[in-house]
Each structure stands twice: as C-alpha cells, then as structure tokens.
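Please open the model in your viewer, and keep the sequence panel beside it while you follow this tour. At each stop you will be told what to select and what can be found there.

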Amino acid sequence: MLNKKRYLGLILFFSVFVTSTFFIHSAFGAVSEGCSMWEVNPECDLSGWMKLFMGDIAIGAFLAILLHFFARRSNIKIEKNSEQLKENTETIKEISITMKKILDTQEYSRNRRRDYFVQSTNSSFNAVLLRLGLMNRIVLNEKNIDTDDQYHRLELEEIAIHEVIEKVKHSISLAVDILDPMLITQIDNLFTYIEQLTPSKNKERIEFSEYKESKEKIIHLIDRLEEFVTTKKELK
C-alpha cells in the first residue's frame, strides 16, 4: 500500500514538473523591450499570458464550432430518422388495418359459406326424412295396394333419396375447407347407412323395421349441424 502511494506521488510530481516547464515558463516569459505585457502592437511580441489566452480562445472557439457542427449533423440525422420512423409506423399501421379487414372479410365469407351449407344440408335431410316417411307408409300399406305397386313406389322413393344424397355429397366436396372433419365423417356414415336401407320382403308382407332408427339418426345429425351455425338469420 505504501509503495503504491509513493508511486502515485512520483507520477503527480513528474506531471507538475513537466506542466510548469512547458506552460508556466512560457506564461511568464518577457515581452519585447519597451512593450507592456498586455499591449497589442505590431512591433511588440505577445507576452506568454497573451499567447496562452489567445491560444486557448482559438482552440476553444474551434472546438465550439466543431462540436456545434457535429451536434447539428446529429440533430438533423435524428430528426430524419424520427420522420422515417414515423412514416414506417404509419405504414405498418395501415398495413395492419388492411390485413385485419382482409382477415375479417375472409372470416365473414367462411361463416356465410358454412351457414349456407348447414341450411342447405338440413333441408336435404328433411327431404330424406320425408321420403323415408313415405316409404314407411307404403310399407304399412294403409290403402291396400298390391305388392307390385308397393315395390314400384318404394323404388321411386329410393331413387329420390339417392339423388338428394348425391347433391349433399357434392356440397360437401365444395365446402370441405370450412367443415369439421368429424362432422364430414358422421355425414358420410349416415349416407352409407341410408343407401343400404331397402324394405325387406318376407313370405307374408314387406317390412321396414329400420325406419325409426334411421329417423333418429337423421334428427340427431340435424341437431349436430345447428352447432355450426354462425348466425340465426336466414340466408338469402
């Protein structure tokens, strides 16, 4: 610790010595003969103090001008960057608003397509229910028509049901991007089940025992479709 203090003391002493050698001697240097220390005259040399003062003033003025120049350039650059940042911020804001409008439009379009599909499919399922009900009446044969006529009428109803199913399948192929995959699977399974419905004939009469089960399946799927409706308003 003591050696460190001595080392710092020597450095301080050497610094004072050098400073006094180069500056104090010059400051107290003699002026020209017949001239005072503060006299300004072309025939008189400047004193050390005057040289020191004028040198400091010149250096100070130069540094002041230089610092002012750099400060002005920095301020101009900062202002320019601020304006550019403001423009970029406004541009980003406009882009964000535009993107939000596009996304909102796309979402609105998806919802409209989904609602249209749900309403159209529900109408088709109701048409299938109606056809199945007619088939059940034909099987019950309340009007006592002959068997051949029964089969003919049943065949016509089956053809009508298959046409409705093909229509819904086409609608699904166009709306697959907006539908739940599980819902599509349920609809396909129901169609497979309905397409296999054929009133059976035994020795005594035609039977349609699957009517009640098929009706429940269709009604359940109609209720399932209602969960995907975005708006309760009727689409036109």
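Helices in this tour are runs of at least four residues that DSSP assigns as H or I, and they are numbered from the N terminus. Keep in mind throughout that what you see is a predicted model.

**The whole chain**

Begin with a cartoon view of the entire chain, in which 5 helices and 2 strands can be found. If you read along the sequence, these elements follow the pattern α-α-α-α-β-β-α. Of the 236 residues of the chain, 25% count as buried.

**Helix α2: a pair within one helix**

Now select D104 and K100 and show their side chains, which meet in a salt bridge with a distance of 3.0 Å from N to O. Both residues belong to helix α2, which covers residues 48-140, and because they are 4 residues apart in this helix, about one helical turn separates them. An α-helix has 3.6 residues a turn, so residues three or four places apart point the same way. Colour the two residues by accessibility and you will find D104 partly exposed, at 41% relative accessibility, while K100 counts as exposed, at 53%.

**From helix α2 to the loop after α3**

Keep helix α2 in view and select R113 together with D177, which form a salt bridge whose closest N and O atoms are 3.0 Å apart. This pair links distant parts of the chain, since D177 sits in the loop between α3 and α4 (181-195), R113 sits in helix α2, and their positions lie 64 residues apart in the numbering. Both partners are partly exposed, D177 with a relative accessible area of 44% and R113 with 32%. While D177 is still selected, add R110, which also lies in helix α2 and is partly exposed at 30% relative accessibility. The C-alpha atoms of R110 and D177 are separated by 9.0 Å, although the two residues are 67 residues apart along the chain.

**Helix α3**

Next, select residues 147-174, which make up helix α3; this helix has 28 residues and reaches 41 Å from its first C-alpha to its last, close to the 40 Å expected at 1.5 Å a residue. At the start of the helix, zoom in on D146, where a side-chain oxygen reaches to within 3.3 Å of the backbone nitrogen of D148. Then move along the helix and look for its buried residues, among them L154, E157, E158, I161 and V168.

Which residue forms a salt bridge with E157? Select R131 and you will see the partner, with the closest N and O atoms 3.1 Å apart. E157 lies in helix α3 and R131 in helix α2, so the pair ties together parts that are 26 residues apart in sequence. E157 is buried, with a relative accessible area of 11%, whereas R131 is partly exposed, with 32%.

Stay with helix α3 for one more selection, and pick E158 together with E195. Their C-alpha atoms are separated by 8.2 Å, and the two residues are 37 residues apart along the chain. E195 lies in helix α4 and is partly exposed, with a relative accessible area of 30%.

**A network of charges**

Select D180, R224 and E227 as a group, and you will find them linked in a network of salt bridges. Across the model, the count of salt bridges comes to 7.

**The nonpolar core**

Hide the charged side chains and turn to the largest nonpolar core, which has 34 residues; select F125, L132, I187 and I218, the members that touch the most other members. Helices α2, α3, α4 and α5 (211-226) each supply at least two residues of this core. The largest share of the core, 9 residues, comes from α2.

**A nonpolar patch on the surface**

For the last stop, switch to a surface view and select I59, L63, L66, L67, F69 and F70, which make a nonpolar surface patch of about 570 Å². Pick F70 from this group and trace the backbone around it, and you will find that F70 lies in helix α2. F70 is partly exposed, with a relative accessible area of 43%.

Methods: Residues numbered from 1 in each chain as written. Predicted model: local features only at pLDDT ≥ 70, side-chain atom pairs only at ≥ 80, totals over all residues. Heavy atoms only, no water. Expected span 1.5 Å × (residues − 1). Buried < 20%, exposed > 50% of the residue type's maximum accessible area, 1.4 Å probe, protein only. Polar contact = N/O pair within 3.5 Å; in protein donor to acceptor, adjacent residues only side chain to side chain. Salt bridge = Lys/Arg side-chain N within 4 Å of Asp/Glu carboxyl O. Patch = residues over 30% accessible without salt bridge, like charges linked within 9 Å, V, L, I, M, F, W, Y side chains within 5 Å. Areas by Shrake-Rupley, 256 points an atom, 1.4 Å probe, with all protein chains shown as cover. Core = buried A, V, L, I, M, F, W, Y, C linked by side-chain atoms within 4.5 Å.
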